[in-house]
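Me: Hi! I have a structure I'd like to go through with you. Could you help me read it?

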Amino acid sequence: KLTQRNPRNITKSSVDVSNDKLTSMKEHKRLSRSEPKSLKKFRRKMKNRISAQESRRKKKEYLDCLENNYEMLKEETNIWKKTFEQLGIDNQIIRENIEVLKNKLYLSKCLLD
């Protein structure tokens with residue numbers, strides 16, 4: 001007995017397979033559409049990661065520079081403090097010498113009078 005066939009040779013199982021392929025193709029299209037989104041998201045994440053690393057590097061560089069400046073200013077401050085102390089000592093010696101000279105001058109005036 002001959003079975004009756006569709007002229008295009010389409011059976012119910014082939015229709016199901018075609019529907020599955022169609023669904024798969026639709027999902028593929030959806031994946032293809034979402035792929036750029038996920039790629040954009042990935043690129044954005046990587047760009048942000050690189051940007052964050054660069055920001056941390058710049059911040060570290062800035063802090064290192066501040067620390068170096070602090071150390072230099074601290075040393076300079078110590079030098080100025082020592083200079084100030086030495087000038088204070090020199091000033092005191094000069095004042096004492098002035099007093100000694102004033103006394104000698106006073107004594108010499110007294111002797112001449």
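Me: Where do Asp 64 and Lys 60 lie, and how many residues apart are they?
Reply: Both Asp 64 and Lys 60 lie in helix 1, four residues apart, about one turn of the helix. Helices here are DSSP runs of H or I with at least four residues, strands are runs of E with at least two, and numbering goes from the N terminus. Before we go on, this is a predicted model, where local features need pLDDT of at least 70, side-chain atom pairs count only at pLDDT 80 or more, and totals for chains, interfaces and linings use all residues. Residues are numbered from 1 along each chain as its sequence is written, and side-chain values use heavy atoms, with hydrogens and water left out.

Me: OK, thanks. What do the side chains of Asp 64 and Lys 60 meet in?
Reply: A salt bridge, at 3.3 Å from N to O. The term stands for a side-chain nitrogen of Lys or Arg within 4 Å of a carboxyl oxygen of Asp or Glu. In general, side chains of opposite charge can pair when their charged atoms come close.

Me: Are those two exposed or partly exposed?
Reply: One of each: Lys 60 counts as exposed at 53% relative accessibility, while Asp 64 is partly exposed at 31%. The cut-offs are under 20% relative accessible area for buried, over 50% for exposed, and partly exposed in between, using a 1.4 Å probe and protein chains only.

Me: How many salt bridges does the count come to?
Reply: Three. Arg 57 pairs with Glu 54 at 2.4 Å, N to O, and also with Glu 61, where the closest N and O atoms are 2.9 Å apart. Glu 54, Arg 57 and Glu 61 are thus linked in a network of salt bridges.

Me: Nice. How are those spaced along the helix?
Reply: Arg 57 and Glu 54 are three residues apart in helix 1 (residues 12-112), so about one helical turn separates them. Glu 61 and Arg 57 are four residues apart in helix 1, again about one turn. As for accessibility, Arg 57 is partly exposed at 40%, and so is Glu 54 at 33%.

Me: Switching topic: which residues gather in a patch of positive charge?
Reply: Lys 41, Arg 44, Lys 45 and Arg 49, on the surface. Lys and Arg count as positive and Asp and Glu as negative, with His and the chain ends not counted; each charge is placed at NZ of Lys, CZ of Arg, CG of Asp or CD of Glu. Patch residues have over 30% relative accessible area and no salt bridge, with like charges joined within 9 Å and nonpolar side chains (Val, Leu, Ile, Met, Phe, Trp, Tyr) within 5 Å. Arg 44 sits in helix 1 and is partly exposed, at 49%.

Me: And what makes the nonpolar surface patch?
Reply: Tyr 62, Leu 63 and Leu 66, giving about 300 Å². Areas come from the Shrake-Rupley method with a 1.4 Å probe, and for residues only the protein chains shown count as cover. Leu 63 is in helix 1 and partly exposed, at 40%.

Me: How many disulfides are there?
Reply: Zero, where a disulfide is a pair of cysteine sulfur atoms within 2.5 Å. Cys 65 is partly exposed at 41%, as is Cys 110 at 38%.

Me: Last one: what does the whole chain come to in secondary structure?
Reply: One helix and zero strands. Of its 113 residues, 0% count as buried. The chain exposes about 11800 Å², with carbon and sulfur atoms supplying 58% of it.
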